Amino acid sequence: MTKADTFRALHRRPDPADPLILPGPWDAASARALVDAGFPALATPSAGVAASLGYEDGETPADEMFAAVARIVRAVDVPVSADVEDGYGLPPKELVERLLETGAVGCNLEDSGQGGLKDPHAHAEWLAEVRAAAGDRLFINARVDTFVRGVKDPERAIERAALYIAAGADCVYPIDAPLDVLPLLRAGIEGPINVFARLDGEGPSKTEPTELAELGRQGATRITFGPGLQRRATHALRDIAAALKK
């Protein structure tokens, strides 16, 4: 069984209250720490990696992002999925080749860019090309940006999700979906759903273990935290530095 097969199998959750938890490392050291804690797979956050490289979210050059992902993958022996934003304008075949070169077994792909939400039909066609190029070597997590872009109607997210699943996406990610619409999304979407949880407990999702289980019962197949771990680690370092300065 390949790492991609292993990663795909981790998304088969017989108990809804036991969603797959995918913490997000931003460098090799954080990846090792997460694996040492017992997590069976990881998912890099583009914003967390960007911060570690000295960039604002969305401004990391593609070459630097792929290099960072490769370092993380080399550091651990578990499957790693990579957030590569909207694909950096790369043709599907090149995007897949570069992802596979890093050793990643999955990818997170957004359906919006600097100009706002992409046309869902055009994006679905692009995702289908990514799937054709990747075969079963990559687990594709298709991010649905309607909520984060201010489109509150869950039906719009469901419509996009259906197009992306039909195009070959393994999972959809309606980022910033409010907790109370998760059951509706679960009822309307075939396949795994990625839910974003905030480590500070604010926003649409929560992070205590019992609350993560509740997210699973409400419809989350897997849970990610975006740059939350990197930001919390940075805050901890600032507290340590402030104490040393005293």
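**Note on the predicted model**

1. Helix α3 is followed by Gly54, a residue with positive phi, near 90°. The model discussed here is a predicted one.

2. Helix α3 covers residues 46-53, and its buried residues are Ser46, Ala47, Gly48, Val49 and Ala50. Which elements cover the buried residues of α3? Among them are α4, β3 and α10, the last of these running over 228-245.

3. On the chain as a whole: the protein chain contains ten helices and ten strands. Its radius of gyration is 17 Å, close to the 18 Å given by the globule rule for 246 residues, and therefore the chain is as compact as a globular protein of that length. The C-alpha trace spans about 55 × 40 × 40 Å along the principal axes.

4. On burial and contacts: of the 246 residues in the protein chain, 51% are buried. Taking contacts with a separation of 6 or more, 67% are between residues 24 or more positions apart.

5. On surface and charge: the protein chain has an accessible surface of about 11,300 Å², and carbon and sulfur atoms contribute 53% of this. There are 27 positive and 37 negative charges in the protein chain, and the mean positions of the two sets lie 4 Å apart.

6. On aromatic pairs: the structure holds two of them. Phe7 and Phe139 make an edge-to-face pair, with 5.3 Å from centre to centre and 85° between the planes. This pair links distant parts of the chain, since Phe7 sits in helix α1 (residues 3-10) and Phe139 in strand β7 (residues 139-144), 132 residues apart. Both Phe7 and Phe139 are buried.

7. Why is the pair of Phe66 and Tyr88 edge-to-face? The ring centres of Phe66 and Tyr88 are 6.0 Å apart and their planes stand at 75°, so the pair falls in the edge-to-face class, for which the planes must be over 60 degrees apart. This pair also links distant parts of the chain: Phe66 belongs to helix α4 (residues 62-75), while Tyr88 lies in the loop between β3 (80-83) and α5 (92-102), 22 residues apart.

8. Are Phe66 and Tyr88 buried or partly exposed? Phe66 has a relative accessible area of 5% and is therefore buried. Tyr88 has a relative accessible area of 21% and is therefore partly exposed. The cut-off that matters here is 20%, under which a residue counts as buried.

Notes: Residues numbered from 1 in each chain as written. Predicted model: local features only at pLDDT ≥ 70, side-chain atom pairs only at ≥ 80, totals over all residues. Heavy atoms only, no water. Helix = DSSP H or I, 4+ residues; strand = E, 2+ residues; numbered from the N terminus. Rg over C-alpha atoms; globule rule 2.2 N^0.38 Å. Buried < 20%, exposed > 50% of the residue type's maximum accessible area, 1.4 Å probe, protein only. Contact = heavy atoms within 4.5 Å. Areas by Shrake-Rupley, 256 points an atom, 1.4 Å probe, with all protein chains shown as cover. Lys, Arg positive; Asp, Glu negative; His and termini not counted. Charge placed at Lys NZ, Arg CZ, Asp CG, Glu CD. Phe/Tyr/Trp six-rings, centres within 6.5 Å; stacked < 30°, edge-to-face > 60°.
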